[in-house]
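Student: I am new to this structure and would like to go through it with you step by step. Could we take one residue to begin with, and then move outwards?

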Amino acid sequence: MRRSLGVLLAIGLGLAQQQVTLFWSGAITGPTSDTGAPYGAAVEDYCRYANQEKLVPGLTFNCVVRDDQYNNANTQRFLEEAVDRFKIPLFLSYATGANLQLKPLIQELKLPTLPASNHIELIDPPNNDYFFLPVSSYSEQVVALLEYIAKQKKEAKVALVVNPSPFGRAPVPDARKAAQALGLQIVDVQEVGSGNLDNTALLKRFEAAGVEFIVHQNVAGPVANILKDAKKLGLDKKIRQLGAVYTGGNDLIALAGDAAEGFLWASPYYTVGEDTPGIRLQKTLTQRYNRPKALAESHNYTAGLLAAAIGVEAIKRAYERFKRVTNETVYQALLSMNGPNAFKPGLAVSTKQGVEIDFTKSERTGAEGLRILEVKGGKFVPITEPLTSTLFRKVHYGK
């Protein structure tokens, strides 16, 4: 990818047009970049598309994509620059750790923020008024996987393998509470990053502890390494492996090959094998902008596309309703994105008929649904209808 720290694309700027900056900062290089690079590419592509197709008549978008290298200090510096220099009305953010660090500043700036991170604490008090999660939280995804395990086997022994970061640790407290409520035993929680190339000792420890299921909260690379090592050790039939949204997709299959067979994945997104308006657009844009096949078929591209589409739609609605685009008008536009005014880009699954992205002042998760998919014959295939976790709200909110 053609990238350097601080890529700036100013596209199609007409003199009579009002210019609005669509700004994203994330890990194009460094840790978790196998997620961040496709995500950022999708933001860039959708922004270019919005200009070329004149999605918001009277506005042009200044498309700014920054590589923060998964470094919180870089993210804060880029955000402060974007606010001062570009007067951004909306922030497309990335990492869990950076978002948690920036929560007080985002609250102070009253800046609507659509994060790539699906950490539930971003929309929990305090300083949570301006965060909008495009899809279900990591906690809900992991709890849904634990519910699935409990249906397969009572009192099963489970290990959690998480990324060594706030992103990885995010769902662990809710997972522990959910496991207790479901009668499952979480016998081990291990942090595994991209540098762990040999997981033999880890897997043998799990085998010795009687682990029957491994639930991953990670990106695809470390999960693929563990799947391949499990197959090599003959543990692929003894220990079932499952993962939350950023673990799976075609990225995982490309890295793990036939070792991915049988892996279970909780995802809120449609797959590139499905025929929806959003997936058709993904194929159009990746062809138009000459993206490589691996990136074009990544669910991380789908995730970035959804965030950018929500951002552009909110800006469009703010401009149409208020005749001006500011952080306050975009915030109001996001809050009104519900009921008959819900946004339906065709990228994320929903449990509500005819509704996809649905925000209110008290509900900051856009797409409520997720599905569990399984690798069968080298492809992820949905094995459930769209669902929400029945237990998540109870373990997280006590409701």
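Student: Is V142 buried or exposed?

Tutor: In this predicted model, V142 has its place in helix α4, which covers residues 138-152. A residue counts as buried when its relative accessible area is under 20%. The value for V142 is 3%, so this residue is buried.

Student: Which residues is V142 in contact with, leaving aside its neighbours within four places in sequence?

Tutor: Contact is taken here as heavy atoms within 4.5 Å. With the neighbours within four places in sequence left aside, the residues in contact with V142 are P171, A175, V215 and A244.

Student: How far apart in space, C-alpha to C-alpha, are V142 and F392?

Tutor: Along the sequence, V142 and F392 are separated by 250 residues. In space, however, the distance between them, C-alpha to C-alpha, is 9.1 Å.

Student: Which helix gives the largest share of the largest nonpolar core?

Tutor: The largest nonpolar core has 110 residues, and among those with the most contacts inside it are I149 and V215. I149 itself touches V215, as well as A156, V158, L184, F213 and L242, if residues up to four places away in sequence are not counted. The largest share of this core amounts to 12 residues, and it comes from helix α12.

Student: What are the edge strands of the open sheet of seven strands?

Tutor: The sheet has mixed pairing, and its strands follow the order β7-β6-β8-β9-β10-β11-β12. An edge strand pairs on one side only, and this holds for β7 (185-191) and β12 (379-382).

Student: At about what angle to β9 does helix α8 run?

Tutor: Helix α8, made of residues 220-232, lies across three strands, namely β6, β8 and β9. Relative to β9, its direction is at about 175°.

Student: Which residue in β12 does L373 stand opposite?

Tutor: Strand β11 covers residues 371-376, and four bridges join it to β12, the two strands running antiparallel. Opposite L373, in β12, stands P382.

Student: How do the axes of helices α1 and α10 cross, and which residues of α10 make the contact?

Tutor: The axes of α1 (residues 33-52) and α10 (residues 277-288) come within 10 Å and cross at roughly 90°. That makes α1 roughly perpendicular to α10. The residues of the contact divide into four nonpolar, one polar and two charged. On the side of α1 the contact is made by D45, Y46, Y49 and Q52, and on the side of α10 by L281, L285 and R288.

How values were computed: Residues numbered from 1 in each chain as written. Predicted model: local features only at pLDDT ≥ 70, side-chain atom pairs only at ≥ 80, totals over all residues. Heavy atoms only, no water. Axes fitted to C-alpha atoms, helices over the stretch in contact; angles between N-to-C directions. Parallel < 35°, antiparallel > 145°, perpendicular 65-115°, else oblique. Nonpolar A, V, L, I, M, F, W, Y, C, P; charged D, E, K, R; others polar. Pairing = 2+ DSSP bridges. Buried < 20%, exposed > 50% of the residue type's maximum accessible area, 1.4 Å probe, protein only. Core = buried A, V, L, I, M, F, W, Y, C linked by side-chain atoms within 4.5 Å.
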